[in-house]
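Visitor: I should like to learn how to read the features of a protein model. Please take them one at a time, with the general idea before the case.

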Amino acid sequence: MVTSRDVARIAGVSQATVSRVLTPAAKVSPATRNKVLAAMEQIGYLPHAGAQAMKTRRTNAIGVVVAELSNPFYSEVLDELTRVLGSQGFRVVMWNAGGGSQSDALNAIASFAVDGVVFTTATARSPELQVAVKGHVPLVLINRHVEGVECDRVLSENRSGGAAVADYLHSNGHTDAAIIMGDPNATTSRDRTAGFLDRMQELGHPVPQRLRFSGEFSHDIALHVTQSLLARKRRPSAIFCVNDNMAFGALDAMRALKMTAADCWVIGYDDVEMAAWPSFDLTTIRQPSREMAAEGARLIIERVRNPESPPRTIHFPWTLIERGSTSRA
């Protein structure tokens, strides 16, 4: 059986250096870390998880609670989270919020089987979040904030982003816009919606109830809502969807009706990679998903190392990305 001594010998470092490489967030130069990892791979060395946990009182595992993986925004966030955490020696355990793995998540969090938890989606009703808060488990929220929960957070300026959509429509003469909102329990949906509606009111173009719809962040629901909107005799000249996934549904409805941006503008929110595909060409508010995920990974690592430090909130700015779905042609 190969041991850490064998790894140290092949890598040309001390056994203590190998131990530091195996300790997440320990200070090791990238060159030394790469040498040790290459030696481990060469001889097939796998550290004993139980021994590591007994020695460090840590599991070197981070739980990640995800949801709506059909939404490409969360796929991008998860991809970057696993990349950054893995590069620092952490294993990632993923659970689907509200899905079949929920009981596993609750048990793992309650029994401290992970060193910390990153939530890519959460509301005050999330059982996983409630268990983590009750057990004082290190946690980070990405893309959401939850009232009453003091923790590290990575947020986008959602309210001002929603207001920017209203300004953009107003400046281009689209004063009768509809909005397709997401989950009302999600702060992202509430903040984007409030920013948009409040700014439209200020500009003198209040959005009537007949042009406000719940899309629950769903592509299919947004598709059906858009179909009903466009079938009206008095249809809106623009539709703001509070995430890209719903905007894709709106564009698919228009495509089925052979309509273009000349008939109705569509604006999304997130700027997932698919938004730039020619088949969608979606105008959207960009929030940097991968940068936000990378910052969330760094925050949970710091929180595990320094659990008593004050919680931090990192805000990322938005950018309006103009594409063909709001063509002026």
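Visitor: How many aromatic pairs does a search of the whole structure find?

Guide: Rings of Phe, Tyr and Trp (its six-membered ring) pair if their centres lie within 6.5 Å; planes under 30 degrees apart count as stacked, over 60 as edge-to-face and the rest as tilted. The search of the whole structure finds 4 such pairs. In one of them, the ring centres of Phe-196 and Phe-240 are 5.0 Å apart and the planes stand at 50°, so this pair is tilted. Phe-196 belongs to helix α9 (residues 187-202) and Phe-240 to strand β8 (residues 238-241), so the pair ties together parts that are 44 residues apart in sequence. Helices (H or I, at least four residues) and strands (E, at least two) are DSSP runs, numbered from the N terminus. The model is predicted: local features need pLDDT of at least 70, side-chain atom pairs count only at pLDDT 80 or more, and totals for chains, interfaces and linings use all residues. Residues are numbered from 1 along each chain as its sequence is written, and side-chain values use heavy atoms, with hydrogens and water left out.

Visitor: What is the bridge partner of Ile-179 in β8?

Guide: Two strands pair if DSSP finds at least two bridges between them. Strand β6 (residues 177-181) pairs with β8 in the parallel sense over 4 bridges, and the partner of Ile-179 in β8 is Phe-240. Phe-240 is also a member of the tilted aromatic pair.

Visitor: In which order do the strands of this open mixed sheet stand?

Guide: The 6 strands follow the order β7-β6-β8-β9-β10-β12, with mixed pairing. At the edges are β7 and β12 (319-321), each with a single partner strand, so one side of each is left without a neighbour in the sheet. On average, neighbouring strands here are turned by 20° against each other, direction ignored. For angles, axes are lines fitted to C-alpha atoms, for helices over the stretch in contact, and the values run from 0 to 180 degrees between N-to-C directions. Helix α9 lies across β6, β7, β8 and β9, at about 165° to β6; contact means heavy atoms within 4.5 Å.

Visitor: What is the strand order in the open parallel sheet?

Guide: Its 6 strands are ordered β2-β1-β3-β4-β5-β11. The edge strands, β2 (91-96) and β11 (313-316), each pair on one side only.

Visitor: How should a cavity be read, and which residues line the largest cavity?

Guide: On a 1 Å grid over the protein atoms alone, a cavity is a set of points where a 1.4 Å probe fits but cannot get out, and a pocket is an open set with protein on both sides within 12 Å along at least five of seven lines; lining residues have an atom within 4 Å of a point. Grid points are joined across faces, edges and corners, and a volume is the space filled by probe spheres set on the points. The largest cavity, of about 70 Å³, has a lining that includes Glu-68, Asn-71, Arg-192 and Asp-270. Helices α5 (72-87) and α9 each supply at least two lining residues.

Visitor: What is the volume of the largest pocket?

Guide: The volume is about 510 Å³. Of its 22 lining residues, His-136, Val-137, Pro-138, Leu-139 and Arg-303 lie nearest the centre.

Visitor: Where is Glu-216 found, and what is its phi?

Guide: Most residues other than glycine have a negative phi. Glu-216, in the loop between β7 (212-214) and α10 (219-230), has a positive phi near 55°.
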